Amino acid sequence: MIDVSSTDFQANALFREIPMETLKEAGVFIEEISLEANQVVFDEGDAPDYCYLVKSGAIRITKAGLGGRKELLSIIEAGSFFGELALYAPAPRSARATAAVPTSLGRLDQKGFDRLRKIAPLQMASTLADVSIERVRQTNDRFVQELAATGRLSELGADLGTLSHNLRSPLGTIRNAADMLVEWLEEGSQEAGKLLGFVRIIQRTSDKALENIDQLLARLRGEGSPDRELVKVDDLLADLREQTRGMLREGIGYVENVTFDGGVLVDRSEWIAALANLVKNSVEALPPIGGNVKVTVGEENGEVVFSVSDDGCGIHPEKLPRFFDRHFTHGKEGGTGLGTAHARAVAEKHGGQAKVHSEIGKGTTVELRIPQPNG
């Protein structure tokens with residue numbers, strides 16, 4: 001075992017934001033090992049043990065796909081690191097790591113990794129976030145290239161577009177909360193309660209986004225969709241407020257009107273995602289000076305009716321028949337037209353329907369109607 005600060009490993013990307021004097025004082029030790037080409041470092045399902053630093057050579061990160069085929073996720077080259085996430089949030093390994101060529105690695109154990117997180121928490125968090133984003137970008141590029149080469153790109157394009165669209169809502173909330181934290185900290189705010197509140201928003205929203213991704217992956221593996229549950233309307237609206245808070249810019253009012261306070265039988269995460277899409281569309285339909293978004297829940301002819309309204313520019317009557325079509329967008333730049341299509345699909349999946357009402361100069365209302373439980 002050797003001190004990291006006295007080796008060539010100190011130049012590894014894992015330490016790039018940690019001041020050298022801090023690294024020297026940390027007393028973090030590393031073990032160097034050598035691998036032959038095609039030697040496995042760890043496999044899917046293995047217990048977490050080390051964060052690995054690549055001194056020379058390269059590591060292939062792969063994951064088992066359909067039929068046992070190994071899908072290449074990324075190549076970790078000299079000067080970078082891998083295996084850190086299983087230590088950051090302890091969980092079984094989710095992929096296989098194999099030496100692509102003869103490779104020299106440094107092994108940093110859980111104790112040393114935790115020591116780095118303690119002495120340089122912000123630097124470590126920043127480094128791990130930057131590297132994770134870059135790896136996602138590289139994996140996405142490779143994924144798209146492979147789909148295009150096999151002719152499967154068009155098959156998955158719509159579903160992946162809907163997934164990315166639905167992730168915009170929680171990510172927008174997280175970004176808004178983070179921006180507020182930065183602003184308050186720069187102003188020297190000492191209001192710990194408010195700061196903690198925004199940290200908890202980030203935590204809860206991140207958990208929900210990760211839950212949505214896990215549910216999608218389960219469905220792609222053929223494990224079926226989550227069971228529906230009876231959820232109180234008040235609880236759904238509380239989730240919706242939290243998920244859409246980051247969308248409400250200055251000058252926008254948000255109100256609720258609830259005349260049905262019972263429960264509905266829904267896939268909770270799907271229903272919230274559908275409503276969040278409608279709120280996002282309503283916000284984007286408002287002029288720069290702002291306006292109002294209203295969410296109502298009522299009961300009509302045995303149906304529970306969720307409505308999202310805005311007082312924006314409205315939609316021309318001749319365009320309304322295409323409102324729920326994929327790729328139809330109106331009154332905003334950069335729209336994908338996936339949000340309303342997804343909302344209608346979710347309503348129909350729950351045995352209901354989606355409707356739209358609009359008047360030029362007065363605004364638009366979108367309804368998601370589902371059968372009342374036991375009604």
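This report walks through some strands, aromatic rings and helices of the structure above. Please keep in mind that the model is predicted.

**A sheet of four strands**

A good place to begin is an open sheet built from four strands, which follow one another in the order β3-β8-β5-β6 with antiparallel pairing. The edges belong to β3 (40-42) and β6 (70-77); each has a single partner strand, so one side of each has no neighbour in the sheet. On average, neighbouring strands here are turned by 30° against each other, direction ignored. In general, strands of a sheet pair through backbone hydrogen bonds, in either a parallel or an antiparallel way.

Inside this sheet, β5 (residues 58-64) runs antiparallel to β6, and seven bridges join the two. If you would like a landmark to look for, find Lys63, which stands opposite Glu71 in β6.

**More strand pairs**

Other strands pair up as well, and the table puts three of these pairs side by side.

| Strand pair | Sense | Bridges | Facing residues |
|---|---|---|---|
| β1 (residues 2-3) and β2 (residues 29-35) | antiparallel | two | Asp3 and Phe29 |
| β2 and β9 (residues 103-109) | antiparallel | five | Glu31 and Arg107 |
| β15 (residues 353-359) and β16 (residues 363-371) | antiparallel | seven | His357 and Thr365 |

Strand β2 appears twice in the table: β2 pairs with β1, and β2 also pairs with β9. Strands β15 and β16 form a hairpin, with three residues between them. In the turn of this hairpin you will find Gly361, whose phi is positive at about 85°.

**Aromatic rings that meet**

Now for the rings. The structure holds six aromatic pairs. A pair of aromatic rings is described by how far apart the centres are and by the angle of the planes.

One of the pairs joins Phe42 and Phe82: the ring centres are 6.0 Å apart and the planes stand at 40°, so this pair is tilted. Phe42 lies in strand β3 and Phe82 in strand β7 (residues 81-82), so the pair ties together parts that are 40 residues apart in sequence. Are these two rings buried or exposed? Phe42 is buried, with a relative accessible area of 8%, and Phe82 is buried too, at 2%.

Phe82 has another ring partner in Tyr52. This pair is stacked, with 5.2 Å from centre to centre and 10° between the planes. Because Tyr52 lies in strand β4 (residues 50-56) and Phe82 in strand β7, the pair links parts that are 30 residues apart in sequence. Both Tyr52 and Phe82 are buried.

Which residues make up the aromatic cluster? Phe42, Tyr50, Tyr52 and Phe82 form one cluster. Phe42 also has a charged companion: the charged end of Arg93 sits over the ring of Phe42, 4.0 Å from its centre.

**Two helices that cross**

The last stop is a pair of helices. Two packed helices are described by the angle between their axes and by the distance between those axes. Helix α7 (residues 233-244) packs with helix α8 (residues 268-285) at an angle of about 55°, and their axes are 10 Å apart. That angle makes α7 oblique to α8. How does α7 pass α8, in a left-handed or a right-handed crossing? The crossing of α7 and α8 is right-handed.

Definitions and conventions
Residues numbered from 1 in each chain as written. Predicted model: local features only at pLDDT ≥ 70, side-chain atom pairs only at ≥ 80, totals over all residues. Heavy atoms only, no water. Pairing = 2+ DSSP bridges. Axes fitted to C-alpha atoms, helices over the stretch in contact; angles between N-to-C directions. Phe/Tyr/Trp six-rings, centres within 6.5 Å; stacked < 30°, edge-to-face > 60°. Buried < 20%, exposed > 50% of the residue type's maximum accessible area, 1.4 Å probe, protein only. Lys NZ or Arg CZ within 6 Å of the ring centre and 35° of its normal. Parallel < 35°, antiparallel > 145°, perpendicular 65-115°, else oblique. Left-handed = near helix turned anticlockwise from the far one by under 90°.
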